[in-house]
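Trainee: Could you walk me through this one and tell me what stands behind each label?

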Amino acid sequence: PLIEILAGIPSVVLGFMGILVLSPFLRQSLNLPTGLTAFTGSLLLGWAAIPTIVSVTEDAMNAVPRSYREASLALGATRWQTIWGVTVPAARSGILTAVMLGLGRVIGETMAVMMVTGNAPTLPAGLNALFLPVRTMTATIASEMGEVANGSTHYHVLFFIGLVLFTLALIINIVAFVVSHQRTKRAERLLS
């Protein structure tokens with residue numbers, strides 16, 4: 001239930017919590033000039049992906065037939081050996097699907113990362129780039145679309161950025177679909 005509640009937290013609230021709690025903590029802990037960095041955004045996006053990954057993974061693990069676990073235990077395997085040797089491999093495609101769906105949610109995130117990454121339109125380079133302010137592609141579209149001249153080169157570049165994001169999300173969803181259906185086909189072949 002706690003994970004399900006986390007899934008319902010809006011992006012703006014996550015960003016607000018990131019600004020109030022995570023950013024100052026990282027600034028003080030890592031001795032940074034500002035806590036609004038790519039690293040802060042990465043941690044916040046990881047936190048945002050957890051509910052999706054956990055929920056779908058739990059469903060995949062529960063979908064493994066009980067007889068698999070019972071057979072493993074009957075053969076003398078411990079509970080952990082059963083989990084790691086039987087349940088997780090049987091649910092592997094569902095777990096992979098969960099990770100891909102979580103990644104898809106992270107790619108499309110706008111507000112939370114816009115709030116905690118510093119929203120700086122620069123391209124940081126070097127070893128410390130992770131600890132500098134950045135702007136994500138989604139934040140670039142959200143920040144600039146309202147002020148760009150309709151039909152200009154800038155306008156078309158923003159649409160191209162959107163097309164890149166759409167393509168990434170589409171690829172992730174197609175891979176998740178293929179992986180999840182491979183499991184179904186494999187199960188059908190075993191039953192026939």
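Mentor: Sure, let's start with the second largest pocket, where α3 gives the most to the lining, with four residues. Keep in mind that this is a predicted model, in which local features need pLDDT of at least 70, side-chain atom pairs count only at pLDDT 80 or more, and totals for chains, interfaces and linings use all residues. Residues are numbered from 1 along each chain as its sequence is written, and side-chain values use heavy atoms, with hydrogens and water left out.

Trainee: What makes a set of points a pocket, and what makes it a cavity?

Mentor: Both live on a 1 Å grid over the protein atoms alone: in a cavity a 1.4 Å probe fits but cannot get out, while a pocket is an open set with protein on both sides within 12 Å along at least five of seven lines. Lining residues have an atom within 4 Å of a point.

Trainee: And how is the volume of the second largest pocket arrived at?

Mentor: Grid points are joined across faces, edges and corners, and the volume is the space filled by probe spheres set on them. Here that comes to about 200 Å³. The lining has 15 residues, with L45, V106, V113, T136 and M137 nearest the centre. Two or more of the lining residues come from each of α3 (38-62), α6 (92-107), α8 (137-144) and α9 (153-191).

Trainee: How many cavities of 30 Å³ or more does the structure hold?

Mentor: One, with a volume of about 30 Å³. L6, I9, L14, W47, A48 and R105 line this cavity.

Trainee: How does that cavity lining divide by class?

Mentor: Five nonpolar, no polar and one charged. Ala, Val, Leu, Ile, Met, Phe, Trp, Tyr, Cys and Pro count as nonpolar and Asp, Glu, Lys and Arg as charged, with the others, Gly among them, as polar; so R105 is the charged one.

Trainee: Why is N31 called exposed?

Mentor: Exposed means over 50% relative accessible area, buried under 20%, and partly exposed in between (1.4 Å probe, protein chains only). N31 has 69%, so it is exposed. N119 has 22%, so it is partly exposed.

Trainee: What is the phi of N31 and of N119?

Mentor: Positive in each: about 55° for N31 and about 50° for N119. Most residues other than glycine have a negative phi. N31 sits in the loop between α2 (11-29) and α3, and N119 in the loop between α7 (111-116) and α8.

Trainee: What makes a set of residues a nonpolar core?

Mentor: They must be buried Ala, Val, Leu, Ile, Met, Phe, Trp, Tyr or Cys residues joined through side-chain atoms within 4.5 Å. The largest such core has nine: M100, I107, V148, L158, I161, L165, I172, A176 and V179. Its largest share, six residues, comes from α9.

Trainee: How many helices and strands are there?

Mentor: Nine helices and zero strands. Those are DSSP runs (helices H or I, at least four residues; strands E, at least two), numbered from the N terminus.

Trainee: Why is the chain called more spread out than a compact globule?

Mentor: The globule rule is 2.2 Å times the number of residues to the power 0.38, and the radius of gyration is taken over C-alpha atoms. For 192 residues the rule gives 16 Å, while the chain has 21 Å, well over that, so the label fits. The C-alpha atoms fill a box of roughly 65 × 45 × 35 Å along the principal axes.
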